Amino acid sequence: MIRMLLRVLGPEYARAMRRTVALMTVTAIAEGLSYALLVPVLRELFGDTPSNAVPWLIGFGAGVAVCAVLRYMSELSGFRVGTTLLRGMYYRLGDHLARLPIGWYGRDRVGEVSVMASRGLLQAMSVAAHLLGPFVSAMVTPLTIVAVMIAFNWQLGLAALLGAPIVALIQIWTARSIASTDAARHERDKEASGRVIEYLQAQPVLRVGGRTGERFTLLDNALKEVQRAARRTVLSALPGIVGMTLTVQAIFTALLVLGAYLVLGGTIGAAEILTILVLAARCAEPLLSLSEMGGKLRAARAQLARLDTVLRTEPLPEPGRPVEPRHHDLRFESVTFRRGDRTVLDDLSLTVPEGQRLAVVGPSGAGKSTLLQVLARFFDVDAGAVRIGGVDVREISTQELMRRIAIVFQDVYLFDGTIEENVRLGRPDADDAEVRAAATAARLDEVIERLPGGWEAKVGEGGALLSGGERQRVAIARALLKDAPIVLLDEVTSALDPLNEAAVHEGIERLMAGRTVVMVTHRMRTVKSADRVVFLDGGRIVEEGSHDELLRRGGRYADFWAISMAPVTSE
Amino acid sequence: MNAIDPAEGERATSSAAEAAAGQGVKPLLRPHRWSFAAVVVLQIIGALAGLAPLLAVVELGRALLSPGPVDHDHVWFVVIAGAVGLFVRLVFTSASSGIGHLVDNHVQLAFRRQLALGLGRAPIGWFSRRRTGELTKVVQEDVSAVHPFIAHTPGELVAAFVVPLASLIYLFTVDWRLTLITLIPVVLAIAHVPLMMTPARIREEKEFDASLGVIANSVVEFVQGIAVVKSFGGGERAHRRFRTAVDDFVGTFLRWVTNLSPIAAGMKLVLSPPFVLLVVLIGGTLLITSGSMAPADLLPFLLLGLGLTAPVAALGHGFDDMRAAARAVGRIKEVLDVKPLPEPARPVAPQGHRVELRDVRFAYEGDHEVLRGIDLVLEPGTVTAIVGPSGSGKSTLVRLLPRFFDPTHGSVLLGGVDLREIDSRELYRKVSFVFQDVRLLRASVTDNIALAVPHADPDDVVRAARLANIHDRILELPRGYDTVIGEEAELSGGEAQRIALARALLADAPVLVLDEATAFADPQTEWAVRQALTTLGGDRTILVIAHRLETIADADTVVVLEGGEIVEHGSPAELLARDGRFAEFWRSHRSAVADEIETRAGVLQGEQSQ
């Protein structure tokens, strides 16, 4: 646990962490030692001249004061370290997320990462601020007390010490058995969350079939599985908690019996035995709180493990000596790319001369979008190379690569800000005239006119307040403003209504002018504007040529279009 | 079909559910009240028994410190009594905690089921204003957060008060003066509480919550927009925003903690065992040296006195969890309290399937109307095409037919009956729809297609799949129609939309509502949609948001929607002749179509030349 914490923290914070732990340990030992002074105090109080206790009592008071100061210091240090850590960890996570390849960000990552980065991180870091102190003192103080007991009476002290390994064993054993059921439970929780999301998103359809609530067995089964897994966790934790309590109580009972035996035999004085029993009672409580703390530590640990996994994911390597491409012709050399065990691009080679347009057409799952993604280095290829102006994209620095490429996707993501802010993202230092010009060229000006607030209109989270076509126009304006020599278009006009399509099309034409373009599309109108077409299937180029050539050839490409022309059969 | 229950028996469960929904959380807890009582009683017995060993030490002390010979039998009796007390404590507290956790387990399942039921009845429109993630969090995390409320609070909180109370009474009988002195740390601790609740502290806590929210949002933005972030200059902006959020958050946190930590440390100090012992010892020494208390009487205070601080500690300790739980319960209640679209008390069966909209107005929120007085009749056996710019209310209009929302004014009639008078099952039998936002279930292909027709004949499923042009693709899947989508195979957007189309075709409802944007996923889907529109015809009432000009040309009626109002309405030929909005629209886009048609002609020529 601590090792993982230190690894997640990284070397610069690990030292502060170690210092804090050391301070907490010292505090706990001091507290245990201060109890040693109780022995003379009580011996005098229970003896013939109680007033002799006063100097010892003053000593104890001083001890308590020292403990208080130490405790305050270690607590403050815990908070300080916790807060610095928190900031450091947030930064570290943020930097890391920014460096991870876009390919890493799948659909379900968004939720996972945002939970991790807000509450998850806080929970993991609370180990330092809130849990570590009590945990250390619950372990160390009883041990110190046992040492004190041994000093005053070795028989009783030894009897208490016998408990230590048992307590440790039970702690370890419980942690293990719970860890396995916890993992199972986490799995079930994830499964159920997936089902809940599905249930929510499929509501309209589910209602048609009357599948709501318990009628929707897929969800209900998942919920029942969660319940079963949770019950197993409870049951697997129970023996540990009971065992812990049993051990601690057995030791106390043993001390009670042994003490009674020794005192009746006259080997030990009444005051000593009573003091030792008071000390023993002091030991029991923190030990019992250990198992309760275990639960919280486990939760934090699980978060920490998730954080650890993310931080250990390797970002794409940056070139040691970045090369700047001089030209912008594109070349795929025997590129193979796999996702899991599926080969998405299979030994694919193609070239696009500078300033030309290539259209990529093919059935779903042919690898069209992936082709664009490896070109923009969202992923690195498994074999072969992607070159821009003859330079391998892996030799170009990410910043330089991104400066040369403008991408417009089918789904446009806008930031929660004004339209102007979103357009300006294309080139932050552009002047107002340039921004306006790009907007007009993308026919965004019509949209702006219509919106209340115009340029200052907020677009909502992800651009939700604009329609699909309107978001496309923002994206095109952004790309125009960026003025990158390479333009990648992914199914840009696929889902637009005729009105929007015409507008977007116009913007796209302006964007493509004079640039090197690769576009994935199945709108014939867009395809026709390309210099060349490749037809992709199963990650390979099946046919290649100009649109008219391919049509005349009457192969796969012609078939592909033919279906949309095929007369519909009536039943 | 095994994966999904048939819909029979729905009525019986739903009426019970209706009773439970709306009343929030209490009815879900009621069946467990005896278990809760058992948890509390067992915990109290166990906790009180836990005092026995401490009292045994006290008695031992009295026996040993009393002048004269020690009574051996008495000593052994005391020791045994202490051991028995420990054993009782172990058994009872374990039982209490075990029962508490099992009840919690059941309650959580009941909560989740009730939430599922409630969500399954909330108006579909209600979902459009919520984020899926938020609602998922309610069902999953918020229900889990209730855990301390149910599994820990009843037992532990009660014990935290009963035991100190019993100790206090006992200590008073021993020596009232020292008891008062022992209470000094408790009083000091309580004196700290108001310091933690000052307006400044509360404001800081609120700021903390708020800045944590900002972090979450900026992360979502960061992650969701990562492609944009990366392709525009290394993501400086979002990254910076995230960092600013972090700095703000850490600043707030630090301020809060710095202001709070001296108070918290003070409180912890006065409650710490060494401090309490010190206070007791000082008081004890004073009383013993002055001769007004027997030394043996000090023992119970050393042993039991520490326990007096338990309630304060328990309050502080459990407070955060409890407040988190209370907030979670609030969110759960909010979802459970959502009113479902009212079901008719006396459902009326629609006669035929003529659809009529009478002066329909609709606003999602406040008085910003999306539909402003729609009058429209859809005759059986006709296709009605809706055209209009984005934001004109097309999507909202078509969603009124399957009753995703009720109109805020006016009414939608099916077969002469207001949709609000029709039983929802009956309505769904009559109206099927294919919208763009298709969501497939992680279930077999067959289950996905037969969602609306639980006992569908496999042949019918295949026929629907063929019609939707997805049959061949399904056969290519690892286990054909039994393939579990999302586990064994992924489908592309277009393929998913064809499955949705097959679903609607199998449902074979007399009214079909279709968003033609669906067709643009790929040529195969486009073909499937065209096929569906042509084949289905017959006596059906079809309403389509038209995207393709051919569809518009072939429609019986065209409705031009603008700003939530019908600006033109008639057959395509009529509208062209009228030379209004539609004609303008038609002309401005014919060039685009001409383009397309020309190309397609090329395709056909290519075909023919073969």
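## Exercises on a predicted two-chain model

B:Asp175 touches B:Leu287, B:Met293 and B:Phe301, when residues up to four places away in sequence are left out of account. The coordinates come from a predicted model, and the exercises below start from this residue.

**Exercise 1.** Locate B:Asp175 in chain B, decide whether it is buried or exposed, and find which backbone atom its side chain reaches.

*Solution.* Begin with the secondary structure: B:Asp175 sits in the loop between helix H8 (147–174) and helix H9 (176–182) of chain B. Next take the accessibility: because buried means under 20% relative accessible area, B:Asp175 at 7% counts as buried. Finally, follow the side chain, which comes to 2.9 Å from the backbone nitrogen of B:Arg177.

**Exercise 2.** Describe chain B as a whole by its secondary structure, its share of buried residues, its contacts and its surface.

*Solution.* The first step is to count elements, which gives 26 helices and ten strands for chain B. The second step is burial: of the 610 residues in chain B, 56% are buried. Turning to contacts with a separation of 6 or more, one finds that 76% of those in chain B are between residues 24 or more positions apart. The accessible surface of chain B, lastly, amounts to about 25,400 Å², and carbon and sulfur atoms account for 59% of that area.

**Exercise 3.** Compare the salt bridges A:Glu225 with A:Arg188 and A:Glu400 with A:Arg404 by stating, for each, the N to O distance, the placement in sequence and the accessibility of the partners.

*Solution.* Over all chains the structure holds 50 salt bridges. In the bridge between A:Glu225 and A:Arg188, the closest N and O atoms are 3.4 Å apart. This pair links distant parts of the chain, with A:Glu225 in helix H8 (residues 217–265) and A:Arg188 in helix H6 (residues 154–201) of chain A, 37 residues apart. Both partners are partly exposed, A:Glu225 with a relative accessible area of 28% and A:Arg188 with 31%.

For A:Glu400 and A:Arg404 the N to O distance is 2.8 Å. Because these two residues are four positions apart in helix H11 (residues 398–404) of chain A, about one helical turn separates them. Here A:Glu400 is buried at 13% relative accessibility, and A:Arg404 is buried at 8%.

**Exercise 4.** Classify the ring pairs A:Phe535 with A:Tyr557 and B:Phe249 with B:Phe253, and state where the rings lie.

*Solution.* The structure holds six aromatic pairs over all chains. The rings of A:Phe535 and A:Tyr557 are 6.2 Å apart from centre to centre, with 80 degrees between their planes, an edge-to-face arrangement. Since A:Phe535 belongs to strand S9 (residues 532–537) and A:Tyr557 to helix H19 (residues 556–565) of chain A, the pair ties together parts that are 22 residues apart in sequence. A:Phe535 is buried at 1% relative accessibility, and A:Tyr557 is buried at 0%.

The second pair, B:Phe249 and B:Phe253, has ring centres 6.0 Å apart and planes at 15 degrees, so this pair is stacked. Both residues lie in helix H13 (residues 236–271) of chain B, four residues apart, which is about one turn of the helix, and both B:Phe249 and B:Phe253 are buried. As a last step, extend the pair to its neighbours: ring pairs join A:Tyr90, B:Phe249 and B:Phe253 into a cluster.

Terms used
Residues are numbered from 1 along each chain as its sequence is written. Chains are lettered from A and ligands numbered from 1 in the order in which they are written. This is a predicted model: local features need pLDDT of at least 70, side-chain atom pairs count only at pLDDT 80 or more; totals for chains, interfaces and linings use all residues. Side-chain values use heavy atoms; hydrogens and water are left out. Buried means under 20% relative accessible area, exposed over 50%, partly exposed in between (1.4 Å probe, protein chains only). Contact means heavy atoms within 4.5 Å. Accessible areas come from the Shrake-Rupley method with a 1.4 Å probe; for residues, only the protein chains shown count as cover. A salt bridge is a side-chain nitrogen of Lys or Arg within 4 Å of a carboxyl oxygen of Asp or Glu. A polar contact is a pair of N or O atoms within 3.5 Å; within protein, one must be able to donate a hydrogen and the other to accept it, and residues adjacent in sequence count only if both atoms are side-chain atoms. Rings of Phe, Tyr and Trp (its six-membered ring) pair if their centres lie within 6.5 Å; planes under 30 degrees apart count as stacked, over 60 as edge-to-face and the rest as tilted.
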